[in-house]
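The following report describes how the helices of one chain are arranged and what lies between them. Please read it alongside the sequence and the structure.

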Amino acid sequence: TDELRPAAEKRVKAKLVLRQLSKEEKIEVSSVDVDLELKSIADRSGRTREAVAASLGEGSTDYIEDYLLRRKTIDFLVSQVQGK
């Protein structure tokens, strides 16, 4: 487990930095964003939105919100670097 610690610490730090930046830049994820992501996953997998949500379990909305927030924040950073 000591071998995995540096990589895990790096991931946690990156997530914390992205979360802080999203707060500072007021980047948010709406329920519509979450619904669209669930539908996209469902379409790609050939399942219904409800089946996807059920397979992800109780925390599916939280997990997807966290994922989308990180993705939106990274997109924001990329756009800043590209000067858009």
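## The loop between α1 and α2

Lys26 lies in the loop that joins α1 and α2, and in this predicted model its phi is near 55°, a positive value in a residue other than glycine. Lys26 is also exposed, its relative accessible area being 69%.

A positive phi is found again just after α4, where Gly83 takes a value of about 75°.

## Packing of α2 against α3

Helix α2, which covers residues 31-45, packs on helix α3, residues 49-56, at an angle of about 100° and with the two axes 8 Å apart. Because angles of 65 to 115 degrees count as roughly perpendicular, α2 is described as roughly perpendicular to α3. On the α2 side the contact is made by Asp35, Leu38, Lys39, Ile41, Ala42 and Ser45, and on the α3 side by Arg49, Val52, Ala53 and Leu56. By class, the residues of this contact comprise 6 nonpolar, 1 polar and 3 charged.

Leu38 takes part in this contact, and, when its neighbours within four places in sequence are left aside, Leu38 is in contact with Arg49, Val52, Ala53, Leu56 and Ile64.

## Helix α4 and its packing with α1

Helix α4 runs over residues 60-81, and at 1.5 Å a residue its 22 residues should span 32 Å, which agrees with the 32 Å that separates its end C-alpha atoms. The buried residues in α4 are Ser60, Ile64, Leu68, Leu69 and Thr73, and the elements that cover them include α1, α2 and α3.

With α1, helix α4 packs at an angle of about 75°, the axes being 9 Å apart, and the two helices are therefore roughly perpendicular to each other. From α1, the residues Lys15, Leu18, Arg19, Leu21 and Ser22 meet Asp66, Leu69, Arg70, Thr73, Ile74, Phe76 and Leu77 of α4. The residues of this contact divide into 6 nonpolar, 2 polar and 4 charged. Leu69 and Thr73, which belong to the contact, are also among the buried residues of α4.

## The nonpolar core

In soluble globular proteins, nonpolar side chains tend to be buried together. Here the largest nonpolar core consists of 7 residues, namely Val34, Leu38, Ala42, Val52, Ala53, Ile64 and Leu68. At least two residues of this core come from each of α2, α3 and α4, with α2 providing the largest share, 3 residues.

Key: Residues are numbered from 1 along each chain as its sequence is written. This is a predicted model: local features need pLDDT of at least 70, side-chain atom pairs count only at pLDDT 80 or more; totals for chains, interfaces and linings use all residues. Side-chain values use heavy atoms; hydrogens and water are left out. Axes are lines fitted to C-alpha atoms, for helices over the stretch in contact, and angles run from 0 to 180 degrees between N-to-C directions. Helices (H or I, at least four residues) and strands (E, at least two) are DSSP runs, numbered from the N terminus. Angles under 35 degrees count as roughly parallel, over 145 as roughly antiparallel, 65 to 115 as roughly perpendicular and the rest as oblique. Contact means heavy atoms within 4.5 Å. Ala, Val, Leu, Ile, Met, Phe, Trp, Tyr, Cys and Pro count as nonpolar, Asp, Glu, Lys and Arg as charged, and the others, Gly among them, as polar. The expected span of a helix is 1.5 Å times one less than its number of residues. Buried means under 20% relative accessible area, exposed over 50%, partly exposed in between (1.4 Å probe, protein chains only). A nonpolar core is a set of buried Ala, Val, Leu, Ile, Met, Phe, Trp, Tyr and Cys residues joined through side-chain atoms within 4.5 Å.
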